[in-house]
Number of protein chains: 2
Amino acid sequence: MPNEIKPVVAVAGATQGFVDSVVKDALEQGLCEFLLYSDVPLEIPATGVSLMSGLDEQSMVDQAVKSIVEKRGTLLMKGSVQTFTILRAVLKKENGLRKSTVLSQVSAIQLKESGRLLLLTDPALNIQPTVEDKIAITQNAIEVAHKMGIEVPKVALLSSVEVFNPNIPSSADAHEVATYFENNPEAAIIDGPISFDIATSHEAATIKGYPGSIKGDADVLVVPTIDGGNFLYKVFSHFVPSIVSGVVVGAAVPIALSSRSDDLATKMASLRLAIKTSL
Amino acid sequence: MPNEIKPVVAVAGATQGFVDSVVKDALEQGLCEFLLYSDVPLEIPATGVSLMSGLDEQSMVDQAVKSIVEKRGTLLMKGSVQTFTILRAVLKKENGLRKSTVLSQVSAIQLKESGRLLLLTDPALNIQPTVEDKIAITQNAIEVAHKMGIEVPKVALLSSVEVFNPNIPSSADAHEVATYFENNPEAAIIDGPISFDIATSHEAATIKGYPGSIKGDADVLVVPTIDGGNFLYKVFSHFVPSIVSGVVVGAAVPIALSSRSDDLATKMASLRLAIKTSL
């Protein structure tokens, strides 16, 4: 389809390494086109890529965000700039790109053996979200699940226990968030507080006789604070055969985040996740 | 060695299933002897086992703890009773069994592929420990590491970041705990705040250029709150080939905890861990 309109990815902080890996791969696969904002000159392919170079960090970010505001770009991708700089620019009031009350990160964990997909939120941005924040974080993740083709996602509000216990703050928060969604039904099935094993293992849910709707088959895991989420995505990255990618949602367009230490497969998975989330 | 003195395990809440699995296995392997406290009559082996049956829950616990106070029992093991009941009895002042300021749980994660052993604390008892509690929890775990034969354990005080950040409570606490141990050197190497990937993956530590003493080779992981620890031990139990056992320490004798849903290998690993910790 030569006239198909492709997503245009605005990259703040593109490097030659990024062009030679991610850009090359994405163009070959016909995934998208690129607007690159760089500090240094880059050798770029003749088609599908525009480049503006010689920019300082703030300008790379500002120009990339401007391309979104002007609808030349479809989504953002972080290159060599600080996450903080890009998020601050996205949140600037005059840019009008804020959509949810909270920007949050959703990690997608694709398990290699079973092919199972787990969405995990928020392991990266919100340190100690309030109940209101957690409601927004949960809604953000439900929207990502819908974009991924999961029509009625099963959402587990994780705690260390599966029974409401007022002494355990994560359990009390999960209870409140679950109650909110009960009163405001969304296109999702929501259980909480629920423990990690019951949310992810059918066997554990059966042995423990868990009465809820999720019996090891959660699609979305909502963690109570950044720490637990961070531990989880790192244990999956390093101890479980899987590809763990990530996207920031809650703004008018998704933001693909990747770390310099990520391998190409992970960077491509983050780009694909962001593209899917942008459609 | 027919005259060797064996550890004597006092079991609060023994069942016939427990006798037919754990007791049978442990006797065959010559690991220990048993004092069983049960509500119902049990068929027990002729040697190595004493039984007191017909007790209610509180009496099963009280009798088991009494055997420790009177030094007939060497360590405790939880059977069908509530964890809460057994911990409360251990902590009773008049029993004089409290040793540390805090009772804490240490999970031992034995990875099947690499043979690597990770001690994780505290994923089960202390919900939101204070800095003082975390110092005691860390000391309890160092003692377990020593009993396991790790002469100078590397102890990682986990957070979602590896640089002190006053906005992230787990990072601030880890910084305080690390400073305490700097001023009070113990037979351990202690780093914190440190992220899970740097603590457990040499590759991640190298890529991130972490300047501390732990570069993926942590022996002990200290989590900031119960939730993160709980997620970690459950993800290891269900997604990583490993045997995850657990022991409660901080009292005069260790307490082996096992859950009815644990398989025999896990129950035996918990018993072995507790025996090792009691010596």
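The following questions and answers concern a predicted model of chains A and B, with attention to their interface, their symmetry and some side-chain pairs.

Me: How much area do chain B and chain A bury between them?
Reply: The interface brings 33 residues of chain B into contact with 33 residues of chain A. Ser160(B), Phe231(B) and Phe239(B) supply 24% of the area that chain B buries against chain A, more than any other three residues. Of the area buried between the two chains, 75% lies on carbon and sulfur atoms, and the total is about 2,800 Å².

Me: Which element gives the largest share of the side of chain B that touches chain A?
Reply: Across the interface of chain B and chain A there are six residue pairs in polar contact. The elements of chain B that give two or more residues to the side touching chain A are α5 (169-183), α6 (196-200), α7 (202-207) and α8 (226-239). By class, that side of chain B has 17 nonpolar, twelve polar and four charged residues. The largest share of the side, eleven residues, comes from α8(B).

Me: What relation between chain B and chain A does the superposition give?
Reply: Chain B can be laid on chain A by a turn of 180° and a shift of 0.0 Å along the axis, with an RMSD of 0.0 Å. Because a turn and shift of this kind describe it, the relation is that of a two-fold axis.

Me: Which residue of chain B comes closest to the rotation axis?
Reply: The same surface serves both copies, since 100% of the contact residues of chain B recur in chain A. Judged by its C-alpha, at 1.9 Å from the rotation axis, the residue of chain B that comes closest is Gly228(B).

Me: Which residue of chain B forms a salt bridge with Lys234(A)?
Reply: The count between chain B and chain A is two salt bridges. Lys234(A) counts as buried at 5% relative accessibility, and its partner also counts as buried, at 4% relative accessibility. The closest N and O atoms of the pair are 3.4 Å apart, and the partner of Lys234(A) is Asp197(B).

Me: How many residues apart in sequence are the parts that Lys99(B) and Glu143(B) tie together?
Reply: The side chains of Lys99(B) and Glu143(B) meet in a salt bridge, at 3.6 Å from N to O. Lys99(B) lies in the loop between α3 (83-91) and β5 (104-111) of chain B and Glu143(B) in helix α4 of chain B, so the pair ties together parts that are 44 residues apart in sequence.

Me: Is Asn126(B) buried or exposed?
Reply: Asn126(B) is found in the loop between β6 (117-121) and α4 (131-147) of chain B. Leaving aside its neighbours within four places in sequence, Asn126(B) is in contact with Val102(B), Leu103(B), Ser104(B), Ile137(B) and Ile226(B). Its relative accessible area is 16%, and because the limit is under 20%, Asn126(B) counts as buried.

Me: Which side chain makes a polar contact with the side chain of Asn126(B)?
Reply: The side chain of Asn126(B) reaches the backbone oxygen of Leu103(B) at 3.0 Å, but that partner atom belongs to the backbone. The contact with a side chain is at 2.6 Å, and the residue that supplies it is Asp122(B).

How values were computed. Residues are numbered from 1 along each chain as its sequence is written. Chains are lettered from A and ligands numbered from 1 in the order in which they are written. This is a predicted model: local features need pLDDT of at least 70, side-chain atom pairs count only at pLDDT 80 or more; totals for chains, interfaces and linings use all residues. Side-chain values use heavy atoms; hydrogens and water are left out. Contact means heavy atoms within 4.5 Å. Buried area is the accessible area (1.4 Å probe) that two parts lose on being put together, summed over both. A salt bridge is a side-chain nitrogen of Lys or Arg within 4 Å of a carboxyl oxygen of Asp or Glu. A polar contact is a pair of N or O atoms within 3.5 Å; within protein, one must be able to donate a hydrogen and the other to accept it, and residues adjacent in sequence count only if both atoms are side-chain atoms. Helices (H or I, at least four residues) and strands (E, at least two) are DSSP runs, numbered from the N terminus. Ala, Val, Leu, Ile, Met, Phe, Trp, Tyr, Cys and Pro count as nonpolar, Asp, Glu, Lys and Arg as charged, and the others, Gly among them, as polar. Copies are superposed by least squares on the C-alpha atoms of residues with pLDDT of at least 70 in both. Buried means under 20% relative accessible area, exposed over 50%, partly exposed in between (1.4 Å probe, protein chains only).
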